[in-house]
Amino acid sequence: MNLIPLKNNPLGSPLSSGKASNIAKKIENSMIKLGYMQSHIGLIASLFCATIIFIGLAGMHDKFNLYVWFSVFLLATGLRTLLVMYYKRSTNTIEHMEKWRNLFVFGALLGGVLWGATGLFLFPESDNLQQTLIILILAGTTAGSVPLYSSVLVAGWGFLITAVLPLIITLFNTHNYNNLLLDATVTAYLFYLIALCQRAHNSMRESFGLQYENNALLNNLSEAKQQLETINKKLEQAATHDPLTNVANRNLFVTTFAQAIERAKSNKKLLALLYIDLDNFKNINDIYGHHVGDQLLLLLTERMEEFVDSSDVIARLGGDEFTLIIENVTNPNDVAKLAKKICRVASDTMKINDLELKVSVSIGIGVYPIDGDNAEKLLHVADKAMYYVKERGGNNFRFNVTLLTG
């Protein structure tokens, strides 16, 4: 995938070619929108100037061209106003951008042609005052058009050329020395306006470009932040949870068990630790392979999670060794019932692929504070009790001391 550096981006973060293309379209669409949003200013000013021309030339000998011109001007201004109103009420998506751009250019050219007609058909041959009026009004109109039309460069250039070029032609055809000098001045003025229009267009484009590029940069930073948060969560998950069963690993167990003991001390409650080990698990791996052994461990974990409380913590210490922390124990008989249930569900037939396997577990139980007041002692007691069960055939559980009643 091609990467395109951001302009004026101090961080130098790249944009993909697809994102760069999308930004270019957004810039173009924003330039067109800016042109339409400013059009009402130009239309009002243009109508005001046209009215001045109409009043100023009202005393000319042949008024037919003047009336025709002003009538067409009013009609064209009305149509262009309706176009602007329709644009503002429409959904102006990038998909319709080309259509609105062409209509904007057409409107600008229409306005330019009508203003050009003043220099071609309304320019008086001998009345210097009326000539001056047309030249001044035309100069002011074209100067004011630069910031209004330059957002769409073709529209800006089209308006300027069609508005001023007829006057240049008219002045040149008079063959009058003063008019020729004036013609040269108007020509230079036209080129100046064209250059000014180009400069204004570039400034607008650069401004929108910086805006969208900065937005893209912020989006990239936001995406990078989200990706970093996701990675950190995965790293945290990997550091604290078993990758196979997704229960707590040894590191998280040590921390959680120590915290549970502190809570038991503070609340003066019993706490039970179940040390669970599969019987003859090595034979499963040797006969059927480690992939079957892994599936067996995963299935056993899922079965235990179905009936333990959400406050109880299952952990895999490694291999086929699991622990279960049970807080707020009020009656050891409840712990015994849970241990029996684990033995029962573990001994139920487990279907893995086309295999039907039967296993069993040995469970040793240590109780705080009877068997010890710290994690190391309780873990040692539970482990010793578990091996006591395993040495006697497994598939059972044992407390370190006699606590059961009834």
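Which residue does the side chain of glutamate 327 meet in a salt bridge? The partner is arginine 263, with an N to O distance of 2.8 Å; a salt bridge here is a side-chain nitrogen of Lys or Arg within 4 Å of a carboxyl oxygen of Asp or Glu. The pair links distant parts of the chain, since glutamate 327 belongs to strand E5 (residues 321–329) and arginine 263 to helix H7 (residues 250–267), 64 residues apart. Helices (H or I, at least four residues) and strands (E, at least two) are DSSP runs, numbered from the N terminus. Arginine 263 is partly exposed, with a relative accessible area of 37%; buried means under 20%, exposed over 50%, and partly exposed in between (1.4 Å probe, protein chains only).

The model is predicted, and local features need pLDDT of at least 70, side-chain atom pairs count only at pLDDT 80 or more, and totals for chains, interfaces and linings use all residues. Residues are numbered from 1 along each chain as its sequence is written, and side-chain values use heavy atoms, with hydrogens and water left out.

The salt bridge count comes to ten. Another of these pairs is lysine 390 with aspartate 277, whose side chains meet at 2.7 Å, N to O. Here too distant parts of the chain are linked, with lysine 390 in helix H11 (residues 375–391) and aspartate 277 in strand E3 (residues 270–278), 113 residues apart. The two partners differ in their surroundings: lysine 390 counts as partly exposed at 25% relative accessibility, whereas aspartate 277 counts as buried at 7%. Salt bridges that share partners also join Glu28, Arg101 and Arg205 into one network. Within it, arginine 101 forms a salt bridge with glutamate 28, the closest N and O atoms being 3.6 Å apart. Arginine 101 lies in helix H3 and glutamate 28 in helix H1, so this pair ties together parts that are 73 residues apart in sequence.

Turning to the interior, the largest nonpolar core has 48 residues, of which Trp69 and Trp115 touch the most other members. Such a core is a set of buried Ala, Val, Leu, Ile, Met, Phe, Trp, Tyr and Cys residues joined through side-chain atoms within 4.5 Å. At least two residues of this core come from each of helix H1 (17–56), H2, helix H3 (97–120), helix H4 (128–149), helix H5 (153–173) and helix H6 (177–240). H5 gives the largest share, nine residues. Leaving out residues up to four places away in sequence, tryptophan 69 touches Ala50, Ile53, Leu114, Trp115, Ala117, Thr118 and Leu122, where contact means heavy atoms within 4.5 Å. Another core, of 37 residues, lies apart from it, with Val308, Leu324, Val329 and Phe399 among them.

Phe399 also appears in strand E9 (residues 396–399), on the covered face with Phe397, while Asn396 and Arg398 make up the uncovered face. In a regular strand the side chains alternate between the two faces of the sheet. Strand E8 (residues 361–368) runs parallel to E9 and is joined to it by four bridges; strands pair if DSSP finds at least two bridges between them. Phenylalanine 397 in E9 is the bridge partner of isoleucine 363.

Back in helix H5, isoleucine 169 is partly exposed, with a relative accessible area of 40%. The C-alpha atoms of isoleucine 169 and leucine 300 are separated by 95 Å, and the two residues are 131 residues apart along the chain.
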